[in-house]
Structures are given as C-alpha cells and as structure tokens.
Amino acid sequence: MRRTAMPAPVTVEEVVGACLDGASLLVDVVGEPGSGRTRWLGELAAHARRRGLLVADGLQAAPPGRGVVRCLDDLDRAGPQTAQPLRRLLAARPSAPTVITYTASDGQPPAWLMSCLAGAHEAFRTRRIPVGPLTREAFAARLPPGTGPMREALLYELSGGVPGWLGLLDSLTSRELREWATGDAPPGMIALPAHCPPLRELAALAPEQVEVARCAAVLGDPFAPSLLAALTGRGTPAVLAVLDELVACDLVRAVEGGAPLFRFRHPLLRTLLYSGTPPGRRISAHARAAEVLGRIGAPLVQRAPHLARSAEQGDRRTAGLLARAAQDVLDTRPATAASWLRAALHILPEDPEDPEDPEDPELSGDHELSEDPEGSAEASGGSPSPGGAHGPESPEDLEGPGDAAPGRAGPGEQFRTAALLHHAAERTGQYDECRRLLPRLLEAAEHGATSVPRSGGLLDRALIVDLHARLDFGLGRRRSARNLVDAELAPTRRNGDHGDHGDHGDHGDHGQRLLRMRRAAMAAAEGDLSTVLDQVYRTLRHSPGTPDVLHMDAAATLALAAATTGETPEPPDPGGCAAPDAPTHPGDRPFPGPGRASAAGAPGTAEAVRTADALSDSALAGRLDAVARLGWALNLEERYPDALRLFTRALGIARRTGRVAALPPLLLGRGFGHAALGGLSAALRDSHEAEETADVLGDAGRAGWARLLRAWITLWCDGPDDAAALADRVLRQHPGPGALRETAAGVLGWIRLAQGRPEECLESVLPAARSGERPPAAGTRVLWWSAAAAAASETGRAAAAREYSALAADAAAACRTAGARAEVLRARARHMPDEAAAGLLSAAAELSAGAGLAALECRLRLELARRWVAAGRLEDAAAEAGRAKESAERMGARWLHGLAVDTQRRIGACRPRRTSAPDGPRSPVGEVLSAREEQILDMVCRGMSNKEVAGELFVSVKTVEAHLTRIFRKTGARSRASLVAAFATARPARV
C-alpha cells in the first residue's frame, strides 16, 4: 500500500473536511480500552451526518453518494472471520471519497489484520490518531455535578485520566478511594461493573495466561520474569512466552531500559486480576513471593506486603520484620506503614514470653526512628515536642533514662508495634484506631514500662500523655485534654513518679518540654495568653541552645495567641529563677514577642517565618501543626502573601509524606488567605477540599469550619441563597454552644442582611456578638457588630445602629488590623448622612486597598457608589461602581458583579435625558460624536457590556470595540468608568 503524505487531520472536523475535499482515508484510532476511542468514533459519525456524508455500518456495501464514512470499533478483536470482507473492502478502489476509521489497542495487532491493512488500495491515505488520557479539566467535566476537588483528584489519579475506569471507581466512597490511593496494595474485593471494558479483555485470556497474569498481580508493578517463573513454578522460557502473548494483547508492557521488567498497562488492570484471584490462592501466592524475595535478599520493604498477607498467627519473627519495614516507611508512606503494623499486631501472640532472637540479623540491628517521636501533631493543632536543628529530635533527645540501656526489659513487641501504629494512624487521620490503642499504651507507661529498645522513646510516658491530650483536644474534648496535661505537669507527678528531674537541668527534660509546649498550644487556641507566656517561657528558659524548630514552634504559638486575643505578649519576670545565661536586655530575650498585629513585620512572627523558610522540608514535616499555627497567625495579622507561601509549602510536604491529617487545617488557612486577597476560585477549591478531607477523617469540627468558610465565599460568588444553605447546615450539625456555632450564626446574619431580611440578621448576629465564647480571632466580633449596625439602620433604629458601631470600634481596638478598622468605618457610615458616609466609606475602601483586601474593597466601593447616587453625585458613583465591577470580574465574584451592574444601571436611570445640538453632540474636548457613538455611549452608561451592546444593535463585538476606541479618543477618557463620568458632565440636558 502506497502511503501518501497529507496534512495530518487530528479532529473529527478535519477528517470529515478531508473526505469532503475528495480524499479517501484509512484512520487508525489507537488507545487503551476506555480511553475514549468509541466516543471519538461516535463524534465522527455524528459530524459526518451533519455534513451530508453517508455513515455505513460494519463492512456491508454502501450505495454511491457524496462520500462514505465507516466506523469499525475494536477491529483487532473482531476475529479472523472478518478478514475476507475487510480485505475486499480495502483492496478495491473506492467509488466515492471514503473514510474507514477503526479502533485497536496499543498492542501488537493480529496477523490477519496486519495482512488486510497491508493490502489496502493506494488511493487510501493513512493516518494514526492516538486517543490518550484526558486532561484534568476534561476529566472533571465528565464527573457528576458537585464532585469535590478531593474526590476529583483521587478519581483522576487512580484512573490515570482514562474515563473508562470510572465505572469501576464510582461505586467506592471517598474514604475507600483515599485508602486505595495511599495503601500498598489494591483491595481484595471490589464490585466489578459488567460494563467495565477491560473485563472483556480478561475474559478472552487462556487459562495459562490468567495464571501468569494473576501471579504478576500478586508481585505488583514492575515485576521480573525470573520472580514470576519462581512464583508460578514454570520455567523462565515458558513464562516469557506467555508474557509475549500478554504483551500482544496489550495487558502488560515491557519496561524500557535497565533490567528486564514488565508492568501492567494500567494499575487498575492489576486490581481486577488481583480481586479475581481466590483468597486462598492469593495467600499462597504471597507466601511464595515472600519466600522467593527473602531467598534472593530483596529489601525488607519489598517483602513486607507479601509477609503481611501470608504470615501465620504467632509468627513473632515476621511481626518483627513488618514492624521494621513499617518504621522504614513511616515518614513517607504512613498509610502503608499502618497496614503492615496492623498485620504485625494481628499475628503477634497476646503475651509473648520470649524476647526477640538476638541472633537474628534482621531484628537485632539498631533501628532509630528518623521522625520526631511523637508523630505528627497536625491532626489536632497541638504543639509538638521540641526538636533539634534538623526538625526531629536527635536520638539523645528522644531517649529516656531507660533507653540508654541495651537490655530488652519493657512491654516488648506488642507495645512497640502499637506505638508505631498509633503514630502511623494519627498521621493518616485514623482517630478511632488511635483511641483504641491509647489505653494499651497508657497502661504500659503506668506500670513503669516507659521505654523499649530501638523505639526512639516512643513509649515515654510524657509522649503517651501528649498523644492522648492532642487527640482529645483536636476532637473537641478540650477540658479532658487540659486536665490530663496539667495533672502530668503537677510537681507530685513529676517528682513522685519519675524522680526529680527539676526545672533547672542543663539539658532539660524532653518530656516536660513536650508537655509544656502542648499546654501552650492548647492555651493559644483558647486565647489564654498568660498561660501561653508561662509555658513557653518555662520551656525555653530551661532549654539552653534552643533548636531552631523549637524556637519556631514557640514563636508560632505566641503569635497565634497574640493575634487571637489582640493583646501584646510580654515575658513574665523571671526573678531569681532565671538561668545563669538568661538575657537581661528585652531585645535579647530567648523567645519572640509578636507585639500588636498592626505592627508591620512584628518581630516574633517575622523571626518565626525566617526560621521556617530556612528549615528543610524534612525538618518541617514533623512540625506541620506549628506551621499551621504560624500561618494562621500571619492570616490574622493580614500578612496574607507570607501565609499563602507558608501554607502552600506545608501542603506540598503533607501530600508528599502522606500526612492526610495535616491537610484540613492547612487547606483552611490557605483558603482563608485566598478569600481575603480576592482569589475566590482558589479559596472555594481549598475550602471544599478541606471539608471533604475532614469528612473522610471523621473530623466534624474542621469539616464545619471548612463549610462555613465556603458559605462566606459563596455569598460573594453566587449570592446569599446558596450561602444560606451551607451556613444552615453548619448550625444544624453543631447545635451545642461553642465558637463554631457562634461564628456560623454571625455568618448567617451577614447572609440574611444580603437577602434583605434585617430583622432575621439581628436575631442571628446579636447572640454571636454578645456571646461569652471567645471568637476564633480578635476581629471577628467587629464583623458581627458591623452587620448589626447595618441591620439596625435598615430597620430605622438609629440609636441602636450608633451603639453597635461603637461596640464594633471597641472590638477593633483589640486587633487594629486594616480590615477591622475599615469595618468600623463602614459601621459608622451606616447611621451617617450620605455625604459624611461617603467620606468614611472612601477612607475604608482606600484602607482595604492598601492592605490588599480585594474582596472587602469591592464591597465597600459598591456601598460607596450607592451613597454617591443618593447624594446626587452621579459621576463619583459611576467611577466607584466601575471599579467595583472590574474588581468583581477579576475575582470571579459573580454576585458582586451583578450588583455592580445593577448599580450602574441605576446611575444611568438617574441621569437627565440629553438633547442633540444642531451640529451633533460634542465630547468634552469638542469633537462631535456620531449618532451611533452617541447610542453606544448611552448603553455603556446604563452598565451594558460590549457583548450586550453588540447583541442589542445586531453588530459584532469588534464593531462595538471600534466605536468605543473612537469615543475614548474623542472624549479623552482613559477607562470605562471615567468615560461615564466625563459624559455625565459634558452632555447638555434634553428637554
């Protein structure tokens, strides 16, 4: 067959166009099943019919016509019986332009198909069109409406962008999808939909192909033929022959370069084969795989998945190997580590009497944790223990008094494995499992088993208490967490139970530092600044040579407490208890003081940010809770760019290291910053993902905060009706008292105000403003009093409006941020005459603009425009409405944009009618405007967009733009808003 060069058509329109131009094409549409090949053929057939071409089914003869399009799906699977009619069709010269399109997999086509294609007539020109995975955006468009960003990302990751796999994945919950994406092996049993395309491929395999493919699925990607041969009991040549057949079917593919390895075409193919293997056969296959890998000296991490799925009850050696392997991957793959540790706990005997075999080289080597001993603290927002300059504490810091001894006394394997599992489960947000394990760990500590060899101090009593307190505090059991830590820090407990380590040791007690920082973090979250200062000062005063990570942690805790309370932290007087090297100059004190939030670059926060920037990712990985506190402190100080940079870096670390529990607070912090700066689309995505992730983790509190943030953003993007549904849901799900419910009531008050229901606004927002609950930030009550002032003003209660604006000013004095001061000016403007109110709103808008608060500035300019309209200053009103409209368009705030357009139309309606002078209307610079330009200018003045003007006049948008260019030149205006203002002052009134 002669191959003729031609322009390469890659779309259905180009293929149909080539046929209409007289070309005959043989088009090979390649791609794996489910990638969209059939959809591409369907689009081609539909477009061909619309263009008047005949679409023929199968290989039957077609009547002569303008042109013929044939679509042959899965031609490589049609079988040899198709060869004869296909050969006749391809060998004959087409009587009319003909397009023959067929789909085939990426594997080696069968011999009969290759023979038919090789005999095609020379009139056919060939084209190969690959249909690959969809882009992220195209894939998202195929998902059901309302699919959240977390689920969307998981579906895309697991499917590889191939939509044909959605039938397999759609039936799984978001929790199951996350466990699948982060685990070390596919689930054993999944529902297989009948319409899943790859099932047809597997059904056509021969028995020996199925056996080899299933054993390869047990080994996992990539796999070596030699290991597969050992697993199947076949010779390597026989296995290679079957692999060639599987390659021809495009089920497996050779890995290019390096060692001779193979992999499945798609990871989900392995899942289908693995799930289809009988459980007993899977267990025996894993046992053989573990044996073979052990015999060749494979790394322990490679053997662990097979050991976990084949070990027998009571096999202590295997349990020890699994614990070793889990410790190796704990920092990078905590979900995998957790699955291995669960298996280890399951197979360990309940009361092991014999110690580990000291002669076993795989169990006797020292194996320190490379991570901080307490695990990640991000699940509850608590403070981690102090660490060394590289993030995790050094082995010397981690060891308790008993860890230095090489003996094997202590709770043994059960407790060491349980402690490791607790850390892994906490990092992945498995809170129920953490609570099941904690009593066992506390019991071990209570009986004096405070350390285990090679555990890195994981069973230190202080650490266990910290774990319990962190978990309780994060799940809302705050009083229990405080009491637990306070009891442990009491002198009787420290001196009576553990000996008097004192508070003045040169190196300090790592357990006491840990618990004091935990207590400080809890106090910071509750706005108890005096307790924060006391605990941080005690921690750092007794920690000579303070590591950078501990310094950052302390600074973050102090900064958050200061931003939450609005108070200035001052160090307590150390009196005679100061360490010998205690600084005497205030600027040299060993802990930072953030000062007022209004101070640009507050020293403590700035120092903490510099420390965080200087630390490596591995150092910050164990301190993500401190990073979250620091980021929130920056948010509350309105240093949003710094906060966004910090949150984005921390999110990258959390995702790379599998610390799922760290995601909700970090996403919430970043979403808050995006919303303040006007990045509403990014803020919605972050808040939605935080809500999804928290729901999956069972963290109802953070899910509620994320839903509330989404309601606030939705108010400005889509309007109050959609936002009200989200805020109402938070109130229904959190009926009890607390900061979340009070904040939800305040947000709902703003929504009712936007809905034009001021009485309901007051009913909702006044209890929140007067609540005894401490709000999440010092400036929160400013918002509630401002909303109350607006609602009171709208209901004619001028005295109440003045009272509420004064209360807003009092609340703003605690934080003094630009946003709070602008909100106070806004509240005062509620009960002022229009001219005076406009002055206050103008100052508030400029204040917001200077701080980069785009969303607040847009809302203020809208209010300012309305006040100018009421005052009769239409040119000023038009300028402010134009700026608000442009800002809303940049932010993607559709509802605010609609309000701005409505305001512009109101301004246009208030303008006096114009009369035409005999020589035509003139611009302010004296040039005459044409009748069409006058008409377009009038429409622009009414707030119409270029597209709306074009539709009204039945002209193109480019024509409108050309007229506007001339109008700008003639009027001397530089923007749309200034054009409206100039026109209003220049046009004579019509009578």
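Biologist: Before we look at any strands, what makes two strands a pair?

Modeller: Two strands pair if DSSP finds at least two bridges between them. Keep in mind that this is a predicted model. Here, strand 1 (residues 24–30) and strand 4 (residues 98–104) are joined by 6 bridges, and the cut-off is at least two, so they count as a pair. They run parallel.

Biologist: Which residue of strand 4 stands opposite V27?

Modeller: That's T101.

Biologist: And what is the strand order in the open sheet?

Modeller: The order is 2-3-4-1-5, a sheet of 5 strands with parallel pairing. Strand 2 (54–56) and strand 5 (124–130) are the edge strands. From one strand to the next, the twist averages 20°.

Biologist: Why are strand 2 and strand 5 called edge strands?

Modeller: Each of them pairs on one side only.

Biologist: Let's move to the helices. How do you know that helix 41 is roughly antiparallel to helix 42?

Modeller: Go by the angle. Helix 41 (residues 834–851) packs against helix 42 (residues 854–871) at about 160°, with the axes 9 Å apart. Angles over 145 degrees count as roughly antiparallel, so helix 41 is roughly antiparallel to helix 42. The crossing is left-handed.

Biologist: Which residues make that contact?

Modeller: On helix 41, they include D834, L841 and A849. On helix 42, L856, L864 and W868 are among them.

Biologist: Now for A789: why is that residue called buried?

Modeller: Buried means under 20% relative accessible area. A789 has 0%, so it is buried. You'll find A789 in helix 38 (residues 780–794).

Biologist: What does A789 touch, leaving out residues up to four places away in sequence?

Modeller: A789 touches A801, Y804, S805, A827 and R830. As for R802, it is 13 residues from A789 in sequence, and the two are 7.0 Å apart in space, C-alpha to C-alpha.

Biologist: What about the cysteines: are C858 and C941 buried or exposed?

Modeller: C858 has a relative accessibility of 1%, while C941 has 6%. The cut-off for buried is under 20%, so both C858 and C941 count as buried.

Biologist: And how many disulfides are there?

Modeller: The count is 0. A disulfide is a covalent bond between the sulfur atoms of two cysteines. To be counted, a pair of cysteine sulfur atoms must lie within 2.5 Å, and by this rule the model has 0 disulfides.

Technical notes: Residues are numbered from 1 along each chain as its sequence is written. This is a predicted model: local features need pLDDT of at least 70, side-chain atom pairs count only at pLDDT 80 or more; totals for chains, interfaces and linings use all residues. Side-chain values use heavy atoms; hydrogens and water are left out. Buried means under 20% relative accessible area, exposed over 50%, partly exposed in between (1.4 Å probe, protein chains only). Helices (H or I, at least four residues) and strands (E, at least two) are DSSP runs, numbered from the N terminus. Axes are lines fitted to C-alpha atoms, for helices over the stretch in contact, and angles run from 0 to 180 degrees between N-to-C directions. Contact means heavy atoms within 4.5 Å. Angles under 35 degrees count as roughly parallel, over 145 as roughly antiparallel, 65 to 115 as roughly perpendicular and the rest as oblique. A crossing is left-handed if the near helix is turned anticlockwise from the far one by less than a right angle, and right-handed if clockwise.
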